[in-house]
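User: Please take a close look at the strand pairing here, and at the side-chain contacts that go with it. Which parts of the chain are brought together, and through what?

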Amino acid sequence: MNRRHFLGAAGAAAVGAWTPRGLTGVAAPGAAARRLTSPCLGAARVPTDLPVPSAAQLSWQRDETAMFVHFGVNTFTNREWGDGTESPALFDPRGLDARQWAREAKAGGFRAMILTAKHHDGFCLWPSALTDHSVARSPWRDGKGDVVHDLVEACRAEGLRAGLYLSPWDRHEPSYGDSPRYMDYYVGQLTELLTRYGPVSEVWFDGANGEGPNGKRQVYHWERIHRTVRTLQPGAVMFSDAGPDVRWIGNEDGAAGDPNWSMVNPALVPYAGFSGPGVERALQHGDRDGTVWRPGEADVSIRPGWFWHPAESDRVKSAAALVELYGASVGRNSKLLLNVPPTTDGLLHDVDVRRLAEFRARLDAIFATDLSAGASASAIAGRSDGGGPAAVLDADPDTYWAAPDDAPQPWVEVDLGRPVTFDTVVLQEAIQLGQRVESYRLQCWDGARLVTVARGTTIGHKKLDRFAPVTARRVRLTIDAAMAAARIGRLALYRTPPDA
């Protein structure tokens, strides 16, 4: 993908351990200056009419992971970017089996798949009526194949959501650069994709933009593009650096920023491909004072490239690296979009399949046993109109502990009933009510006093903290600062097995 070609370096975050900051904590840059509340919520109550997710955005984020499928004529030319002159005759994946892709995605714990229906080279993986640069002119299945159909049907059979990427840049189409004519062409292709295959859960755009044959740069009519999606697939979310529903996280390393707000100021990134002051921070971190809900999606490839290259099969990311990516994306209030490209045979490579299985096995091992199950919970007293502390111990995302709105630093405490050793905590806010927490502490009783074992900034849908193993019977979550009374959906504790 190499989106930096169009946006400039976006400040890729390092993918290190999930541990946020050891025990000292570091405030978010500018957080103190922008904070509307002191740590005491009761002293200056903030209106609770915060941005909240739509039903589609909420479902999208609760999926947590999705698989990207980069596939096309580049797969057969061994290139990352085609130039549009490639012959459709090159495309011939004789063993193509989209059900294999979907089965392996499901086995890896992914809940959605997104296919590159058209990349920058303009070659269409469906028989578009608007161009002859498509599978209809290839030898694959005698020109009667349709990869988009196969992908959508495979997702449906395996219970996955299906998404589609349609590159706005088209290096084959002669009308590219003639802005009105090309927009008619592009919207026509988008209409084909959104009316032929049933429900689509995500439509993926980027800001890729180059000069057309006439030497002019294409101007994209994003309002028209978005309106087309809303009309034809009202249940789909749209991704790009500018959303409007889901934003790019600002790098291709699979790492979200910390802090990471799901709210943004839309004026900072007005359209896909925009480059200007504040863009890097807006994509990586969101905006505590943002006016719209636009959570981040962190994309990364399991291989060095986005398309399959035979020389890269010994450079597939390890299971340990994939687990770290999960922590740096899902564990920082983002969604992980992991690219796994099919080979020229039209199948996922054995090495990639094995890594996906190992990745899933490691996550399952880490999160196999919630050590807080069966515990009891208590919380600071105060004025609240929501749920009680026991709600943090269930796995229902719709239940939550409502922190009192008149407590200076509200806390909820879990009594495990016995000393328990753990090294990982999962925290979740009830984001259907918005994102509220700005900073928190996790503390344990050592028999005489509370000892802080982790500090963090934002929580959002999910925050994962890892630290050196500690043994305690009582564990307390203290909300040090929040923009409105906290709504905590979950506090779960885990111990990492030695081999995970």
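Analyst: Two strands count as paired if DSSP finds at least two bridges between them. This is a predicted model, and the strand pairing below is read from it.

Start with β16 (463-482). Strand β13 (residues 411-429) is joined to β16 by 12 bridges, and the two run antiparallel. Strand β14 (residues 437-445) is also antiparallel to β16, with 7 bridges between them. In general, strands of a sheet pair through backbone hydrogen bonds, either parallel or antiparallel. Individual partners can be read off as well: Leu-427 has Lys-463 in β16 as its bridge partner, and Cys-444 stands opposite Val-475 of β16. Of the 20 residues in β16, 15 are buried, so the strand is mostly covered under the cut-off of 20% relative accessible area. Cys-444 counts as buried too, because its relative accessibility is 5%.

Two side-chain contacts belong to this region. The charged end of Arg-476 sits over the ring of Trp-411, 3.7 Å from the ring centre. The other contact involves Lys-462, which forms a salt bridge with Glu-64; their closest N and O atoms are 2.9 Å apart. Lys-462 is in the loop between β15 (450-456) and β16, while Glu-64 is in the loop between α3 (55-63) and β1 (65-69), so this pair links distant parts of the chain, 398 residues apart, with elements numbered from the N terminus. Both ends of the bridge are covered: Lys-462 has 10% relative accessibility and therefore counts as buried, and Glu-64 is also buried, at 13%.

Glu-64 leads on to the parallel part of the fold. A closed barrel of 8 strands runs β1-β2-β3-β4-β5-β6-β9-β10, with parallel pairing. From one strand to the next, the twist averages 25 degrees. One of these pairings joins β3 to strand β4 (residues 202-204) through 3 bridges, again parallel. Within it, Tyr-165 has Trp-204 in β4 as its bridge partner.

Salt bridges are found elsewhere too, and the whole structure holds 31 of them. As a general point, side chains of opposite charge can pair when their charged atoms come close. Glu-158 and Arg-99 meet in one such bridge, at 2.9 Å from N to O. Glu-158 lies in helix α6 (residues 147-158) and Arg-99 in helix α5, so this bridge ties together parts 59 residues apart in sequence. Their exposure is not alike: Glu-158 is buried at 10% relative accessibility, whereas Arg-99 is partly exposed at 36%. In another bridge, the closest N and O atoms of Arg-181 and Asp-178 are 3.3 Å apart. Asp-178 counts as partly exposed because its relative accessibility is 27%. Arg-79, Asp-83 and Glu-86 are joined into one network by salt bridges that share partners.

Next come the ring contacts. The structure contains 23 aromatic pairs. Among them is the edge-to-face pair of Trp-81 and Trp-169, with 5.7 Å centre to centre and 85 degrees between the planes. Trp-81 belongs to the loop between α4 (73-77) and α5 (98-107), and Trp-169 to the loop between β3 (161-166) and α7 (179-196); 88 residues separate them, and the pair links distant parts of the chain. Trp-81 and Trp-169 are both buried. The rings of Tyr-176 and Tyr-182 also form an edge-to-face pair, because their centres are 4.9 Å apart and their planes stand at 75 degrees, over the 60 degrees required. Both residues of this pair are buried, Tyr-176 at 1% relative accessibility and Tyr-182 at 0%. They are part of one aromatic cluster that also takes in Tyr-185, Tyr-186, Phe-205, Tyr-220 and Trp-222.

Disulfides play no part in these links. With sulfur atoms required to lie within 2.5 Å, the count comes to 0 disulfides. Cys-124 shows why: the closest cysteine sulfur, in Cys-155, is 19 Å from its own, too far for a bond. Cys-124 is buried, with 0% relative accessibility.

Key:
Residues numbered from 1 in each chain as written. Predicted model: local features only at pLDDT ≥ 70, side-chain atom pairs only at ≥ 80, totals over all residues. Heavy atoms only, no water. Phe/Tyr/Trp six-rings, centres within 6.5 Å; stacked < 30°, edge-to-face > 60°. Helix = DSSP H or I, 4+ residues; strand = E, 2+ residues; numbered from the N terminus. Buried < 20%, exposed > 50% of the residue type's maximum accessible area, 1.4 Å probe, protein only. Lys NZ or Arg CZ within 6 Å of the ring centre and 35° of its normal. Salt bridge = Lys/Arg side-chain N within 4 Å of Asp/Glu carboxyl O. Axes fitted to C-alpha atoms, helices over the stretch in contact; angles between N-to-C directions.
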